[in-house]
Structure formats: C-alpha cells, structure tokens
Amino acid sequence: MHYVTKDEREVYLYNFDKKEKTSILSFTKRDGLVSHMKMLFGEGGNFIFYVRNTKDIIKYDIDKKTST
C-alpha cells in the first residue's frame, strides 16, 4: 500500500521485469483503517482480502472490481 497523500492510499502491483506499476485499489480517509491485506491469485480468480476498521473482512475481486 502506498500513501499518495495523508488521506489517500493506493494498492498496486509492481512488475519488476517491465518496471511498471498497475493500480488495483484505492482508499480515502472515509474508508477507515485498512490492515492485514492478503492477495490471492489463481484459476478461481484474483482477490484481495483485507480488514477494515479492525472488524470487517472485505473480499475484493480484482478482475470484476467488486467487493463483498
């Protein structure tokens, strides 16, 4: 996670071979505290799981750009 500004954060993937980054997800101050991030990539899909506000577990589908 990269802190763009004090109130804006961005999650991106970095391709070391091409030396380029791809933005996946961004958060603002309104999204609250975000922690404990886990990325899973595979045949079943590409997901990010993270904890929001120390109590909510969020599953973000990278391909569909949806969260549950």
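Here are some questions and answers about a three-stranded sheet and one aspartate in this predicted model.

Residues are numbered from 1 along each chain as its sequence is written. In this predicted model, local features need pLDDT of at least 70, side-chain atom pairs count only at pLDDT 80 or more, totals for chains, interfaces and linings use all residues, and side-chain values use heavy atoms, leaving out hydrogens and water.

Reader: Why is one side of E1 and of E3 left without a neighbour in the sheet?
Author: Good place to start! Strands here are DSSP runs of E, at least two residues, numbered from the N terminus, and two of them pair if DSSP finds at least two bridges between them. The open sheet has the order E1-E2-E3 with antiparallel pairing. Strand E1 (2-3) and strand E3 (20-28) each have that free side because they stand at the edges, each with a single partner strand.

Reader: How many bridges pair E2 with E3?
Author: The two strands form a hairpin with four residues between them. Within the pairing, Tyr-14 stands opposite Lys-21, and Tyr-12 has Ser-23 as its bridge partner. E2 (residues 8-15) and E3 are joined, in the antiparallel sense, over eight bridges.

Reader: Which side chain of opposite charge is nearest to Asp-61?
Author: Asp-61, in strand E6 (residues 56-61), is buried (under 20% relative accessible area, 1.4 Å probe, protein chains only). Asp and Glu count as negative, Lys and Arg as positive, with His and the chain ends not counted. Asp-61 has no salt bridge, which would need a side-chain nitrogen of Lys or Arg within 4 Å of a carboxyl oxygen of Asp or Glu. At 4.4 Å, the nearest side chain of opposite charge is Lys-64.

How values were computed. Buried < 20%, exposed > 50% of the residue type's maximum accessible area, 1.4 Å probe, protein only.
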